[in-house]
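Got your viewer open and your selection box ready? Here's a stop-by-stop tour, with something to click at each stop.

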Amino acid sequence: MYQQMIFVNLPVTDLDASKKFFTALGYSINPQFSNDDAASVVISDTIVAMLLTRPFYATFTDKEIVDPRTTSGVLVCLSAESREEVDALLGRAIAAGGTDLERVQDHGFMYGRSFDDLDGHTWEVMWMDPTAVEA
């Protein structure tokens with residue numbers, strides 16, 4: 001059965017530093033789709049973050065490339081298996097140089113936290129109680 005995938009393309013300032021950041025979070029780099037201009041970060045079987053140097057990213061758009069430290073263009077939200085995994089991933093992000101946005105969302109059945117990566121792209125990590133979805 002076909003599974004649709006998502007490829008999130010993000011401009012980065014320092015490709016090597018960004019690769020180290022995302023591998024510190026526990027993700028892998030797919031060398032088949034990586035080079036001096038891009039790194040393919042495998043988040044899951046269906047989610048890939050393509051980290052593109054800013055000049056290479058510019059070849060895909062005629063629009064101005066925003067500075068994600070000052071302008072928000074997208075919020076990437078990843079699911080987690082548990083509340084503990086939300087906290088663990090955020091902890092790894094902070095240890096790797098990310099910024100804790102100190103936005104804790106705790107609704108009992110749903111729990112999430114947010115961080116900015118090295119370039120200022122905002123990532124949210126959310127857990128939702130599966131029984132709440134089934135209800």
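Which residues does D116 touch, not counting residues up to four places away in sequence? Select D116 and expand the selection by contact, meaning heavy atoms within 4.5 Å: you should pick up G98, T99, L101, H121 and T122.

Before going on, some housekeeping: this is a predicted model, where local features need pLDDT of at least 70 and side-chain atom pairs count only at pLDDT 80 or more, while totals for chains, interfaces and linings use all residues. Residues are numbered from 1 along each chain as its sequence is written, and side-chain values use heavy atoms, with hydrogens and water left out.

**Stop 1: an acid without a salt bridge**

Stay on D116, which sits in strand β8. Strands here are DSSP runs of E with at least two residues, helices are runs of H or I with at least four, and both are numbered from the N terminus. D116 is buried but has no salt bridge. Buried means under 20% relative accessible area, exposed means over 50%, and partly exposed is in between, with a 1.4 Å probe and protein chains only. A salt bridge needs a side-chain nitrogen of Lys or Arg within 4 Å of a carboxyl oxygen of Asp or Glu. Show R103 too: its side chain is the nearest of opposite charge, at 6.1 Å. For that search, Lys and Arg count as positive and Asp and Glu as negative, while His and the chain ends are not counted.

What D116 does have is a 2.6 Å polar contact between its side chain and that of T122. A polar contact is a pair of N or O atoms within 3.5 Å; within protein, one must be able to donate a hydrogen and the other to accept it, and residues adjacent in sequence count only if both atoms are side-chain atoms.

**Stop 2: the tryptophan**

Next, select W123, in strand β9 (residues 122–128). W123 counts as buried because its relative accessibility is 2%. Leaving aside neighbours within four places in sequence, its contacts include L10, F22, I43, V76, L78 and F115. D117 is another of its contacts, and here the two side chains make a polar contact of 3.2 Å. R113 is in contact with W123 as well, so click on that one next.

**Stop 3: following the salt bridges**

How many salt bridges does a search of the whole structure find? Five.

R113 takes part in one with D87, at 2.9 Å from N to O. R113 lies in strand β8 and D87 in helix α3 (residues 83–95), so this pair ties together parts that are 26 residues apart in sequence. R113 is buried at 18% relative accessible area, whereas D87 is partly exposed at 30%. Add D100 to the selection and you have a network of salt bridges linking D87, D100 and R113.

Now select E85 and R92, whose salt bridge has its closest N and O atoms 3.1 Å apart. E85 is partly exposed at 29% relative accessibility, and R92 is partly exposed with a relative accessible area of 29%.

Then jump to D16 and K19, where the closest N and O atoms of the salt bridge are 3.8 Å apart. Both are in helix α1 (residues 15–24), three residues apart, or about one turn of the helix. D16 is partly exposed at 48%, and so is K19 at 25%.

**Stop 4: a serine inside**

Is S40 buried or exposed? Buried, because its relative accessible area is 4%. Find S40 in strand β3 (residues 38–42) and show its contacts beyond four places in sequence, among them S28, N30, F33, V48 and M50.

**Stop 5: out to the surface**

Most residues other than glycine have a negative phi. Check E102, where phi is positive, near 55°. E102 lies in the loop between β6 (99–100) and β7, and is exposed at 68% relative accessible area.

To finish, select F109, M128 and V133 together: they form a nonpolar surface patch with about 270 Å² of accessible area. Patches are made of residues with over 30% relative accessible area and no salt bridge, joining like charges within 9 Å and nonpolar side chains (Val, Leu, Ile, Met, Phe, Trp, Tyr) within 5 Å. The areas come from the Shrake-Rupley method with a 1.4 Å probe, and for residues only the protein chains shown count as cover. F109 itself is in the loop between β7 (105–106) and β8 (110–116), partly exposed at 40%.
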